[in-house]
Amino acid sequence: MLWFWVWTLLVVGTLVGAFFLGRRLYRSGRALVEEAGRAAELASVLSERVTELEAVEQQHPVRPVRIGDRDAARDRWVEAGEIRERRRERRRTRFRATYERWRSFSR
């Protein structure tokens, strides 16, 4: 009679463990499908953005400069420096605004 209760307890324990394992696998699978859906949406947004950037690149192609033409190369170098400086200034402005916003929270 004792063996009956031991085996019954083992079978019931196995069934309970199988239930919890199955439930976890189901939830993990459902989460995986949701993430795959989000990844597909992100991929479509990304492909649209790539198409937009390719169109912009077609409108403003990179102009090669011959090394022999030093004046044109120097002008392009100065122009690129000005563009870099404007980017740096915009970055500094954003940083300062962010820093001030953070400081306002800590006061």
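**Figure 1. R49 is partly exposed, with a relative accessible area of 45%.** This close-up comes from a predicted model. Look for E52, the salt-bridge partner of R49. The closest N and O atoms of the pair are 3.3 Å apart. Both residues belong to helix α1, which covers residues 2-59. They sit 3 residues apart in that helix, or about one turn. E52 counts as partly exposed because its relative accessibility, 45%, lies between the 20% and 50% cut-offs.

**Figure 2. E85 and R88 pair up in a salt bridge within helix α2.** Here the closest N and O atoms are 3.2 Å apart. Helix α2 spans residues 70-106, and the two partners are 3 residues apart along it, about one turn of the helix. How accessible is E85? Its relative accessibility is 37%, so E85 counts as partly exposed. R88 is partly exposed too, with a relative accessible area of 36%.

**Figure 3. E89 and R96 meet through their side chains in a salt bridge.** The N to O distance in this pair is 4.0 Å. Which residues are joined with E89 and R96 into one network? Salt bridges that share partners link them with E85, R88 and R92. As you trace this network, you will meet E85 and R88 from the previous figure again. For E89, the relative accessible area is 35%, which makes this residue partly exposed. R96 also counts as partly exposed, at 48% relative accessibility.

**Figure 4. The whole structure holds 7 salt bridges.** Among them are the pairs E52 with R49, E85 with R88, and E89 with R96.

Technical notes
Residues are numbered from 1 along each chain as its sequence is written. This is a predicted model: local features need pLDDT of at least 70, side-chain atom pairs count only at pLDDT 80 or more; totals for chains, interfaces and linings use all residues. Side-chain values use heavy atoms; hydrogens and water are left out. Helices (H or I, at least four residues) and strands (E, at least two) are DSSP runs, numbered from the N terminus. Buried means under 20% relative accessible area, exposed over 50%, partly exposed in between (1.4 Å probe, protein chains only).
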